[in-house]
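Biologist: I would like a close look at a single part of this model, taken slowly and with the cut-offs stated as you go.

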Amino acid sequence: MQPRTRRQKDVLDIITRYIEKNGHLPSYQTIARHMGVNSRSGIARHVRSLEAQGLIRRRVADGPFKLELCVAEAQESRLCVVEWLEPGATQGAEDWEREAFAVPRFLLGLYADSDVFAFRVTDDGMSDRNIAEGDVAIIERRTFAREGSTIVANAAGHGTLLRRYYRNGSQIELHAANDAYEMLSLSADAVTVTGVFRALIRPA
């Protein structure tokens, strides 16, 4: 299960990181300070919501209550399952390229599993940005992009590519970050944007 709102996610992340660093749970005041707010009542409301979702637990201990982290659920909430854009599509694809895989959610921020996909980079066209052939790019699903964004697009006659996106009148320009690769200039109807680059994983 995942927190239902961004603020709940922030509270759960603060609790989890604090435990990892300090070995015990933070107070409401500590959580509020990390979030940059003054209201402990607001933090208490988020804690109650997280408890209702089964992500944390409150218990009474010698009078005051303490928080407990439900480890299995919290760990699950910190993972994202990523599907492939084209499972096993690359030449010589390995078995792991045909199945969905889990990555730490911090790589994706607030994106839901369904908001992203994985793409095995097909060439060294973006090597000057430290993205190499064979790397796994994590892509936000989108059908549009801003100028200069690094995107995955299907370009007619050129296959699916990771490139920088620019619009020039009725033409779409796909720029490489490697002088060995030419810029592609294609009509807008010849380019289909499938997503925007968000993170990179380099297989061992």
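Which residue takes a positive phi just after α2, and at about how many degrees? Please then describe the helix itself and the way it meets α3.

Modeller: This is a predicted model, in which local features need pLDDT of at least 70 and side-chain atom pairs count only at pLDDT 80 or more, while totals for chains, interfaces and linings use all residues. Residues are numbered from 1 along each chain as its sequence is written, and side-chain values use heavy atoms, with hydrogens and water left out.

The residue is Gly-36, which follows directly after α2 and has a positive phi of about 75 degrees. Helix α2 itself (a DSSP run of H or I, at least four residues) covers residues 28–35, and its buried residues (under 20% relative accessible area, 1.4 Å probe) are Tyr-28, Thr-30, Ile-31, Ala-32 and Met-35.

The axis of α2 (a line fitted to C-alpha atoms over the stretch in contact, with angles from 0 to 180 degrees) comes within 9 Å of the axis of α3, residues 40–52, and the two cross at roughly 100 degrees. That crossing makes the two helices roughly perpendicular (65 to 115 degrees). On the α2 side, the contact (heavy atoms within 4.5 Å) is made by Tyr-28, Gln-29, Ile-31, Ala-32 and Met-35, and these meet Arg-40, Ile-43, Ala-44 and Val-47 of α3. By class, the residues of this contact of α2 with α3 comprise seven nonpolar, one polar and one charged, where Ala, Val, Ile, Met and Tyr are among those counted as nonpolar and Arg is one of those counted as charged. Tyr-28, Ile-31, Ala-32 and Met-35 thus appear both among the buried residues of α2 and in its contact with α3.

Key. Buried means under 20% relative accessible area, exposed over 50%, partly exposed in between (1.4 Å probe, protein chains only). Angles under 35 degrees count as roughly parallel, over 145 as roughly antiparallel, 65 to 115 as roughly perpendicular and the rest as oblique.
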